[in-house]
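Here's a quick briefing to read with the model open in your viewer. Take it topic by topic and click along as you go.

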Amino acid sequence: MVIDKGPGLLSVKAKYEKENTAHQLLINYVKKGNPRAKANLFVVHRLDRETSGVLVFAKSFKIREKFASQWNDVEKKYLAIVHGNLTKKSAIIESYLAEGKDYMMHSVENPKEGKLAKTQYTVKNDSKNYSLLEITLLTGKKNQIRVHLSELGHPIVGDLKYSENETGRLALHAFSIKFKHPFNNEEMEFETKIPEFFTNYFKPQGEVGAHKQPRY
């Protein structure tokens, strides 16, 4: 089951929220209001609470395990608006990430202290103060994209956790996912619409990306 998750919605339950999550809402939908129904959904991957976009759940544990076995080959693309203009228009950011006592992720020099994270980006459009990036997630660590771009000196617009003096919605969107069907190996790709507020940062062109935009 593939959905377009909105911002502000948890992917799965947390200590402070168990019912209002994408996972639980979908389970309720599958059960069609029958609390005794045995229908269930299994988590394939997650998105940060404030990140919007495509999210996949499995209808059985067997399918979930199939996804897990091929997850390194799944192509996951994001769109992000960051502060400033990047010197390198395309690059791979690579570091070892570790979580601090404050639950903030950060890069560490010692490989034994963190987990390898790789984030590939390409600048698709820019204005005086902002840049639109298409991001390919080469690994899937907690807050990976947000940390890498913040440490690069170009934090994501609206990132209250890894930037300062931010307001508004996080400008990070899981744009597409491509994978092989767990059983028949058919290549499948799902895309979501770009959030309308993205266009506000690239006026007066009118549309995000103009001639440089990725395929939507």
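**A buried charged pair**

Glu-134 and Lys-77 are both buried. They pair up in a salt bridge, with 3.8 Å between the closest N and O atoms. One thing to keep in mind throughout: this is a predicted model. Below we go through the salt bridges, then helix H3, then the two biggest pockets.

**Salt bridges**

- The count for the whole model comes to 7 salt bridges.
- The Glu-134 and Lys-77 pair is one of them. This pair joins distant parts of the chain, since Glu-134 sits in strand S8 (residues 130-137) and Lys-77 in strand S4 (residues 75-83), 57 residues apart.
- Next up is Asp-48 with Arg-146, whose side chains meet in a salt bridge at 3.1 Å, N to O. Asp-48 is in the loop between strand S2 (42-43) and strand S3 (52-58), while Arg-146 is in helix H3 (residues 144-151), so this bridge ties together parts that are 98 residues apart in sequence.
- Arg-146 also forms a salt bridge with Asp-159, and here the closest N and O atoms are 2.8 Å apart. Asp-159 lies in the loop between H3 and strand S9 (172-180), so this pair ties H3 to a part 13 residues away in sequence.
- Put those together and you get a network of salt bridges linking Asp-48, Arg-146 and Asp-159.
- How covered are the members of that network? Asp-159 and Arg-146 are both buried, with Arg-146 at 9% relative accessibility. Asp-48, on the other hand, is partly exposed, with a relative accessible area of 24%.

**Helix H3**

- H3 is mostly covered, with 6 of its 8 residues buried.
- The buried ones are Gln-144, Ile-145, Arg-146, Val-147, His-148 and Leu-149, so if you're following the salt bridges, you'll recognise Arg-146 in that list.
- What do the buried residues of H3 pack against? Their partners are S4, strand S5 (90-99), strand S6 (105-108), strand S7 (115-126), S8 and S9.
- Have a look just past the end of H3 too: Gly-153 takes a positive phi of about 95 degrees there.

**The largest pocket**

- The largest pocket holds about 1200 Å³ of space.
- It is lined by 36 residues, and those closest to the centre are Arg-46, Leu-47, Asp-48, Lys-142 and Asn-143. Asp-48 will be familiar from its salt bridge with Arg-146.
- S4, S8 and H3 each put at least two residues into the lining of the largest pocket.
- The lining of the largest pocket is a mix: 15 nonpolar, 9 polar and 12 charged residues.

**The second largest pocket**

- The second largest pocket has about 190 Å³ of space.
- Which residues lie nearest its centre? Of the 14 that line the second largest pocket, they are Met-1, Ile-63, Phe-67, His-181 and Pro-182.
- S3, helix H2 (61-70) and strand S10 (187-191) each give at least two residues to this lining. S3 has the largest share, with 3 residues.
- As for chemistry, the lining of the second largest pocket splits into 12 nonpolar residues, 1 polar and 1 charged.

Technical notes
Residues are numbered from 1 along each chain as its sequence is written. This is a predicted model: local features need pLDDT of at least 70, side-chain atom pairs count only at pLDDT 80 or more; totals for chains, interfaces and linings use all residues. Side-chain values use heavy atoms; hydrogens and water are left out. A salt bridge is a side-chain nitrogen of Lys or Arg within 4 Å of a carboxyl oxygen of Asp or Glu. Helices (H or I, at least four residues) and strands (E, at least two) are DSSP runs, numbered from the N terminus. Buried means under 20% relative accessible area, exposed over 50%, partly exposed in between (1.4 Å probe, protein chains only). On a 1 Å grid over the protein atoms alone, a cavity is a set of points where a 1.4 Å probe fits but cannot get out, and a pocket is an open set with protein on both sides within 12 Å along at least five of seven lines; lining residues have an atom within 4 Å of a point. Grid points are joined across faces, edges and corners, and a volume is the space filled by probe spheres set on the points. Ala, Val, Leu, Ile, Met, Phe, Trp, Tyr, Cys and Pro count as nonpolar, Asp, Glu, Lys and Arg as charged, and the others, Gly among them, as polar. Contact means heavy atoms within 4.5 Å.
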